[in-house]
Amino acid sequence: MSRRLFVSRIVGGAAATAALGTVGYGTYGVLRGPRVKRVTVPLAKLPRAAHGFRIAVVSDIHLGPILGRSHTQRIVDSINATQPDLVAVVGDLVDGSVADLGSAAEPLARLRSRHGSFFVTGNHEYFSGADEWVDHVRELGLRPLRNERVEIAGGFDLAGVDDVAGEDEGQGPDFVKALGDRDRSRAAVLLAHQPVVIHDAVEQGVDLQLSGHTHGGQLWPGNHLAALANPTVAGLERYGDTQLYVSRGAGAWGPPVRVGASSDITVVELASRQA
């Protein structure tokens, strides 16, 4: 064997080993479950009484044939351990029907927080029977926000809009219905699955939008594609007077692999500038 051929085989073998190791680690990261991140977000209009209010944000759980009931239970245990004031499930809970995956979602009934758990649809709910899933999560004790808002004791409004994928079924986001008649002197937090609606949130004077959808790119070259389609791929950014936080999500779509974009649950702690 020539030296050149020997070296090429060594290099090729090393590359294959590295690729296999990377995929294996990426798969382990998904199956292990998401890690908890913590982010503090100051809001100018948040009253002193709500300073330190903690929202556990989880998106893109993607229950399916691989990520099932045990995946949901790991997520619920991680959220409950943070003792949040409120839980926000911001879309893409499932990749399948209630008939097939309803039992996999049942651990969500054990979510615990002072002010309850809330849910908005993602685009994958519209591939899986959105109305049936909305009814099912309601049965599990979550409150769906379908172009509506609620007042959270302590001084801010929580709103949620349907995903833009619902427009084909006449169920897309309606920002005027959700936010149009509110008192703009109060802080507003919006749950919306896709970051692309941030400009509507800015127009409605939202202080903070919480989203998912991007998976943080999940794995190369998805990070580049996600950046082309979304204003923010992951983390916290400001758009005028509105801040946008995008979670990387708690599951995976397609192959259960993440590389360079680990899954997360984020505890968003709201901070009052008056405090």
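Which side chains meet in a salt bridge at 4.0 Å, N to O? They are those of R54 and D85, and this report comes back to them after a look at the overall model.

## The model and its confidence

This is a predicted model, in which local features need pLDDT of at least 70 and side-chain atom pairs count only at pLDDT 80 or more, while totals for chains, interfaces and linings use all residues. Residues are numbered from 1 along each chain as its sequence is written, and side-chain values use heavy atoms, with hydrogens and water left out.

The mean pLDDT of the protein chain is 87, pLDDT being the predictor's confidence in each residue, from 0 to 100. Of the residues, 84% reach 70 or more. A stretch to treat with care is residues 5-26, where pLDDT stays under 50. For this stretch the model has seven contacts beyond four places in sequence, a contact meaning heavy atoms within 4.5 Å. Where pLDDT is low, the predicted coordinates should not be read in detail.

## Overall make-up

The protein chain has seven helices and twelve strands. Both are DSSP runs numbered from the N terminus: helices are H or I with at least four residues, and strands are E with at least two.

Of the 275 residues in the protein chain, 53% count as buried. Here buried means under 20% relative accessible area, exposed means over 50%, and partly exposed lies in between (1.4 Å probe, protein chains only). Among contacts with a separation of 6 or more, 74% come from residues 24 or more positions apart.

## The sheet from β1 to β5

One open sheet has six strands in the order β1-β12-β2-β3-β4-β5, with mixed pairing. At its edges stand β1 and β5 (143-144), each with a single partner strand, so one side of each is left without a neighbour in the sheet. Two strands pair if DSSP finds at least two bridges between them.

Inside this sheet, β2 and strand β12 (residues 264-272) run antiparallel and are joined by four bridges. A56 has V267 as its bridge partner in β12. Strands of a sheet pair through backbone hydrogen bonds, either parallel or antiparallel.

## The sheet from β6 to β10

Another open sheet of six strands, again with mixed pairing, follows the order β6-β7-β8-β9-β11-β10. Its edge strands are β6 (148-152) and β10 (235-239), each of which pairs on one side only. From one strand to the next, the twist averages 20°.

Within this sheet, strand β8 (residues 187-191) pairs with strand β9 (residues 208-211) in the parallel sense, over three bridges. The bridge partner of L190 in β9 is Q209.

## Salt bridges across the chain

Ten salt bridges turn up in a search of the whole structure. The term stands for a side-chain nitrogen of Lys or Arg within 4 Å of a carboxyl oxygen of Asp or Glu. The opening pair, R54 and D85, links distant parts of the chain: R54 sits in strand β2 (residues 54-58) and D85 in the loop between α2 (69-81) and β3 (86-90), 31 residues apart. D85 counts as buried because its relative accessibility is 4%. R54 and D85 also belong to a network of salt bridges with R114.

R69 forms a salt bridge with E106, with the closest N and O atoms 3.0 Å apart. This pair joins helix α2, home of R69, to the loop between α3 (98-101) and β4 (117-120), where E106 lies 37 residues away. R69 is partly exposed at 39% relative accessibility, and E106 is partly exposed at 33%. In a further salt bridge, the side chains of R149 and D181 meet at 2.9 Å, N to O. R149 is in strand β6 and D181 in the loop between α5 (175-179) and β8, 32 residues apart. R149 counts as partly exposed at 26% relative accessibility, whereas D181 counts as exposed at 62%.

## An aromatic pair

A search of the whole structure finds one aromatic pair. Rings of Phe, Tyr and Trp (its six-membered ring) pair if their centres lie within 6.5 Å; planes under 30 degrees apart count as stacked, over 60 as edge-to-face and the rest as tilted. The ring centres of F53 and F156 are 5.0 Å apart and their planes stand at 85°, so the pair is edge-to-face.

F53 lies in the loop between β1 (35-43) and β2, and F156 in strand β7 (residues 156-160), so the pair ties together parts that are 103 residues apart in sequence. F53 counts as buried at 5% relative accessibility, and F156 counts as buried at 0%.

Note on methods. Axes fitted to C-alpha atoms, helices over the stretch in contact; angles between N-to-C directions.
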